[in-house]
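User: Hi! I'm new to reading protein structures and would love some help with this one. Could you show it to me first?

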Number of protein chains: 2
Amino acid sequence: MAIRFSETLEKMKESDLGPLLKLTEQPDIISFAGGLPAPQTFPLKELTEVAVKVREKDGVGAMQYGPSLGYAGLRKAIADRMNRLYDTHVSQDDIIITSGSQQGLDICGRIFLDKDDVVLIESPSYLGAINAFALQQPRFVEVPTDEKGMIPEELDRILSSTPRVKMIYVIPNYQNPTGITWPLERRRQFMEVVNRYEIPVIEDNPYGDLRYEGNEVAPMKSMDSKDLVIYTGTFSKTLAPGMRLAWMVANPVILAKMDAVKQSTDLSTSCVSQREVALYMTEYDFEGHIKENCRLYAHRRDVMCNAMKKYFPESVHFTYPHGGLFTWVELPETMNARDLMKDCIDHKVAFVPGDSFFPTSGKKNYFRLNFSNCDDERLEEGIQRIADVIKRHM
Amino acid sequence: MAIRFSETLEKMKESDLGPLLKLTEQPDIISFAGGLPAPQTFPLKELTEVAVKVREKDGVGAMQYGPSLGYAGLRKAIADRMNRLYDTHVSQDDIIITSGSQQGLDICGRIFLDKDDVVLIESPSYLGAINAFALQQPRFVEVPTDEKGMIPEELDRILSSTPRVKMIYVIPNYQNPTGITWPLERRRQFMEVVNRYEIPVIEDNPYGDLRYEGNEVAPMKSMDSKDLVIYTGTFSKTLAPGMRLAWMVANPVILAKMDAVKQSTDLSTSCVSQREVALYMTEYDFEGHIKENCRLYAHRRDVMCNAMKKYFPESVHFTYPHGGLFTWVELPETMNARDLMKDCIDHKVAFVPGDSFFPTSGKKNYFRLNFSNCDDERLEEGIQRIADVIKRHM
């Protein structure tokens, strides 16, 4: 076959991570690899009720083509909720509904990035965002990051010396993969630098609702005096990822570009699901539901962290996240998490090795653990197995 | 704001078609502009039943993350149906589920096209496909097209003399916008040329199921001895566009590239909707439902065509489609359909002017009419109004 693909697709390497992650789906493996919500959190009874109501009361609206920016009722419910919870002044007109935040990230890549443009990211950063942006063939620059987020002085240095920086991607709450949260002061410093250079920021907040302790830290969007922040939220972690529903908030100029891309890429997100979730948000106890989720996940985080404390050698460090789905493990520098993972799979336990989260530095001695989707027994047993393999590798 | 967008988005012209089409959404306008299925065809009772069953029996599967290629049960139901109806040998492993065929077209653009690569299209061709491919900044070449489809000799001439042709896009059944259907012999001739040059073909078939007379003409996919054809089908015209469900069939090498892009752009299509439609296809009378739709649409086509015969001047020609949703009107060469449309909107009737369907030649004297979404009275009244405006413009 003489078929030639586009440059991006011809260059796309067959990642060895894919086949490895496939292995983690075997049912006899204890997997800490994914980022899956616990299935018992899905409010199936309520989601069945809203499915019936939507089809009975607004069936035609649900089944017909809809606007590319999204269903007005859902956009309004989201704006109202954001303004109630955060110190924001979001209008429904500032919102575009996307098919999961993954699509929002892809749309951002397409509206901002040409080949060899620069994207600044935390070090490490979310693999799915890196993959979405990579379709545009940008250059990634990892901004040095400490336990409070991107280091503002480093960001300033990079922005002052790097041409073609088109956007900055950050996850300030319970970051993927590290689990860390940027404190308020760091966010303010970050925005001060960003406002000086006027670079668009994608503030990805998939985990913000899953807070297990501490207070809400105001989103960067609430400090966005120059309208540079594109805020991303999702229903995948709080309600149900299978519905593929998320949103972005952006200034009108950016939103119009997003809308043009959305229109050409899939016309609109499911009109049915949008109505179902809008109804759920307005007629059911979404906040109570999220609190229930948090209770479960906080417990699982504790079980995992306590097991690591108990079984891991002292030279192995891990984060204690105040929310979200992940903890991040640092091995001694001489160790290689990918080698470890291969061995772990033989011992029927899995995680995601950390090097893929560092697109340029590719650090080898980290891995990411997810604690949301295993019961206590499997959490304890899985950590014990990883500990055994770590000890053998030392 | 100093924000700079990507080259594609910076260059993207604000189309004057968008604002015009917005006007057609006013409720007092008789609109033949869209391509909307008639809302009374949506099988709401059945879609409510499957929504409940899926949530009760496979709620966790429906609400959790799912595979990027799609839900196996839906892929199987689609493969079975295609093989039953057409002379194909499609396996579920050859199929990727997309969020509407618009997304499939976008994915094709991304896997094949770099800037200045060439896409061959019918003259005229579907505006939404042109817009999707345009995000990759290709060059479009319109292949001369007669009432039987692309002219094989012209296709041969263009392929032999044009560098960088990366793909060919065609709609052989009840084409959008013309309504014409390629006869079997023309399809064979087309595939003979394509096989010589080994260029991937996107065979877009959104309307094939809406056949009002004549026999099924075998899809190009059934003559695809070199595995070059990417076949696209959708549930938007037969079931409900609001669910955003479609599929593509392609050879394994192409499908793997599609899967990689799908994964990075939205992870997967709605797991809930996929299960609902799979259940509908296997437990309900989908074929009977389609036959009902066809009865309604055939009638509406006749009402519109008879009205045009009655009211339009003889120098105005139109196609009599054997299926699908559109007829294509040719005005005398000196007339301009966009000017006509502005006047028509003042007279509370709308259509899509044809120039946008010719990305390079931009012919001015055509327009597209949709007949699926108006009752008899509005069909007759709308055509009469257009006829009046035409006569005034002559």
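User: Thanks! How are α9(A) and α5(B) oriented, roughly parallel or roughly perpendicular to each other?

Analyst: Happy to help! Keep in mind that this is a predicted model. The two helices pack at an angle of about 100°, and angles of 65 to 115 degrees count as roughly perpendicular, so α9(A) and α5(B) are roughly perpendicular to each other.

User: And how far apart are their axes?

Analyst: The axes of α9(A) and α5(B) are 5 Å apart. In general, two packed helices are described by just this pair of values, the angle between the axes and the distance between them.

User: Which residues make that contact?

Analyst: On α9(A) they are Ser264(A), Thr265(A) and Asp266(A). On α5(B) they are Gln102(B), Gln103(B) and Asp106(B). Sorted by class, this contact has four polar residues, two charged ones and no nonpolar ones.

User: Let's zoom out. How many residues are in contact between chain A and chain B?

Analyst: On the chain B side there are 61 residues, and they are in contact with 61 residues of chain A. Several helices of chain B supply at least two residues each to that side, including α1 (7-11), α5 (101-112) and α10 (271-283).

User: Which helix gives the most to the side of chain B that touches chain A?

Analyst: That is α3(B), with 11 residues.

User: What mix of nonpolar, polar and charged residues is on that side of chain B?

Analyst: There are 32 nonpolar residues, 16 polar ones and 13 charged ones on the side of chain B that touches chain A.

User: Now chain A alone. How is it divided into domains?

Analyst: Domain 1 of chain A covers 7-43 + 288-393, and domain 2 covers 57-283. Their C-alpha centres lie 25 Å apart.

User: How many residues are in contact between those two domains?

Analyst: For chain A, 27 residues of domain 1 are in contact with 28 residues of domain 2. On the domain 1 side, α11 (286-311) and β12 (326-330) are the elements that give two or more residues. The largest share comes from α11(A), with six residues. By class, that side has 13 nonpolar, 12 polar and two charged residues.

User: You mentioned β12. What sheet is it part of?

Analyst: In chain A, four strands form an open sheet in the order β11-β12-β15-β14, and their pairing is antiparallel. At the edges are β11 (317-318) and β14 (352-353), each of which pairs on one side only. Two bridges join β11(A) to β12(A), and Phe318(A) has Val329(A) of β12(A) as its bridge partner.

User: Next, α6(A): how many of its residues are buried?

Analyst: Seven of the eight residues of α6(A) are buried, which leaves the helix mostly covered. Among the buried ones are Leu127(A), Ile130(A) and Phe133(A).

User: What do the buried residues of α6(A) pack against?

Analyst: Within chain A they pack against α5 (101-112), β3 (118-122), β4, β7 and β8 (201-204), and they also pack against α9 of chain B.

User: What about β8 in chain B: which residues are on each side of it?

Analyst: Val201(B) and Glu203(B) are on one side, and Ile202(B) and Asp204(B) are on the other. These residues are all buried, with both faces of the strand covered. As a general point, side chains in a regular strand alternate between the two faces of the sheet.

User: How does β7 of chain B run relative to β8(B), parallel or antiparallel?

Analyst: They run parallel, joined by three bridges. Across from Glu203(B) in β8(B) stands Val170(B).

User: Last topic: backbone oddities. Where are there cis peptide bonds?

Analyst: One runs from Asn176(A) to Pro177(A), with omega near 15°. Pro177(A) is in the loop between β7 (165-170) and α8 (184-197) of chain A. Another joins Ser123(B) and Pro124(B), with omega about 5°. Pro124(B) lies in the loop between β3 (118-122) and α6 of chain B.

User: And which residues have a positive phi without being glycine?

Analyst: Gln137(A) is one of them, with phi of about 55°, and Arg244(B) is another, with phi near 55°.

User: Why does Arg244(B) count as buried?

Analyst: Arg244(B) counts as buried because it has 30 C-beta neighbours inside 10 Å, and the cut-off is 20 or more. Gln137(A) has 16 such neighbours, so Gln137(A) counts as partly exposed.

Conventions. Residues are numbered from 1 along each chain as its sequence is written. Chains are lettered from A and ligands numbered from 1 in the order in which they are written. This is a predicted model: local features need pLDDT of at least 70, side-chain atom pairs count only at pLDDT 80 or more; totals for chains, interfaces and linings use all residues. Two residues are in contact if their C-beta atoms, placed from the backbone, lie within 7 Å. Ala, Val, Leu, Ile, Met, Phe, Trp, Tyr, Cys and Pro count as nonpolar, Asp, Glu, Lys and Arg as charged, and the others, Gly among them, as polar. A residue is buried if 20 or more other C-beta atoms lie within 10 Å of its own, exposed if 12 or fewer, and partly exposed in between; C-beta atoms are placed from the backbone. Domain bounds come from an automatic or database domain assignment. Two strands pair if DSSP finds at least two bridges between them. Axes are lines fitted to C-alpha atoms, for helices over the stretch in contact, and angles run from 0 to 180 degrees between N-to-C directions. Angles under 35 degrees count as roughly parallel, over 145 as roughly antiparallel, 65 to 115 as roughly perpendicular and the rest as oblique.
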